[in-house]
Amino acid sequence: MKFVVQVRLFPTPAQEAALADTLRLCNEAANLVSGVAWETKTFRNYDLRVHSYGELKAMGLSAQPAQHVIKKVTDAYATVKAQVRARLRKPLAKPIAFRPDAAQPFDDRCLSWQVEARTVSIWTTGGRMKGLRFACSDGQARALAAYRKGESDLIHRDGMWLLIATCDVPDVDVTEPDAFLGVDLGIANIATTGDGERHSGKHLNAVRHRNRELRRRLQSKQTKSAKRLLKARRRKESRFARDVNHRISKSIVAEAARTGRGIALEDLQGIRERVRLRKPQRVTLHSWSFHQLGGFIAYKAARRGVAVVHVDPAYTSQACSSCGHVDKKNRPYQARFACTSCGFAEHADVNAARNIASRGVADWAVSHAADDAA
């Protein structure tokens with residue numbers, strides 16, 4: 001299983017200047033290669049080297065960075081081609097352009113890690129730079145030392161220098177679950193488990209509403225100071241939401257692992273296109289990062305050998321988890337569930353989570369019966 005580790009670099013002023021010059025030159029070279037690829041209609045890595053490698057060397061790039069620049073360009077065109085084929089975007093009308101500070105990959109011949117010393121040695125246009133400090137948690141350091149593999153990307157974002165490394169961790173065998181912990185994802189409550197644990201979305205939604213109003217006011221001003229503040233605050237909300245999702249997913253996976261259960265989630269793919277809501281509700285739904293939370297739960301569960309299944313979400317909020325009776329009237333209002341057949345009453349999200357858990361058990365049994373038969 002692959003996951004990424006992001007660490008922050010702390011260069012001196014001289015080191016920062018060298019890193020900035022390196023990114024600038026690499027992306028100038030990438031734009032040159034992109035133009036050559038567009039003009040010659042050559043988009044394969046090895047074929048493109050014939051047309052551009054000599055020019056890159058003349059620009060001052062070493063052999064490995066030059067080859068990484070060419071590969072970056074061919075990968076970019078391959079991604080666009082796949083998106084066009086999937087009808088996710090229109091065909092290109094001009095060559096792909098790279099920003100001056102776009103990410104640049106480095107392999108082990110251009111970048112070496114000294115994890116214990118928390119430093120890296122990296123190729124720059126001014127020569128090999130040694131002793132470049134970075135910071136990370138102890139867990140990240142252990143992952144880098146034991147599992148780091150392949151390329152690392154140098155990124156300059158919001159005034160910070162970052163390195164993103166890929167770690168390849170051996171797969172953990174999935175433990176046969178004794179039962180399933182159902183998780184209902186929502187807006188009022190970001191996640192609710194069948195055990196009754198509710199992770200409220202009130203604070204997150206308030207932060208998003210406040211940021212939305214602040215952006216609206218700043219955008220209407222159109223002053224230099226307003227634009228400067230908008231730039232400083234960009235991605236702040238997404239970082240906050242990402243941290244919330246990490247904490248929620250960690251709690252859910254830890255509870256499932258502790259009790260020997262799997263995790264059952266709703267299959268919410270395409271919900272934005274299916275659901276019809278009023279404009280204020282659409283804004284909330286489209287800013288809700290439920291897909292990210294589901295992804296965090298899935299990869300954390302995989303690292304601990306916890307089974308995860310995705311079930312059909314239809315009528316989970318209207319069905320009684322006690323008797324199975326389905327009726328719109330079972331949900332008199334958002335937070336309340338009261339079965340009109342058997343009288344069972346519970347918090348609506350907890351009831352839905354229990355229905356999801358029941359479907360998880362059934363889906364797991366069906367899928368493994370098919371595997372056994374095969």
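The following paragraphs describe a mixed sheet with a helix packed on it, and then a pair of helices in contact. The model is predicted, so that local features need pLDDT of at least 70 and side-chain atom pairs count only at pLDDT 80 or more, while totals for chains, interfaces and linings use all residues. Residues are numbered from 1 along each chain as its sequence is written, and side-chain values use heavy atoms, with hydrogens and water left out.

Five strands (DSSP runs of E, at least two residues, numbered from the N terminus) form an open sheet of mixed pairing in the order β10-β9-β8-β11-β12, where two strands pair if DSSP finds at least two bridges between them. The edges are β10 (198-200) and β12 (308-311), each of which pairs on one side only, and the twist from one strand to the next averages 20°. Within this sheet, β8 (residues 180-185) and β9 (residues 189-193) pair in the antiparallel sense over three bridges, and D184 has T192 in β9 as its bridge partner. Helix α10 (residues 290-304; helices are DSSP runs of H or I, at least four residues) packs on the sheet and touches β8, β9, β11 (262-266) and β12, contact meaning heavy atoms within 4.5 Å. The direction of α10 makes about 160° with that of β11, axes being lines fitted to C-alpha atoms, for helices over the stretch in contact, and angles running from 0 to 180 degrees between N-to-C directions.

The axes of α5 (residues 202-221) and α7 (residues 236-259) come within 11 Å and cross at roughly 175°; the two helices are therefore roughly antiparallel to each other (an angle over 145 degrees). In this contact, H203, L204, V207, R208, N211 and R215 of α5 meet E237, F240 and A241 of α7.

Terms used
Parallel < 35°, antiparallel > 145°, perpendicular 65-115°, else oblique.
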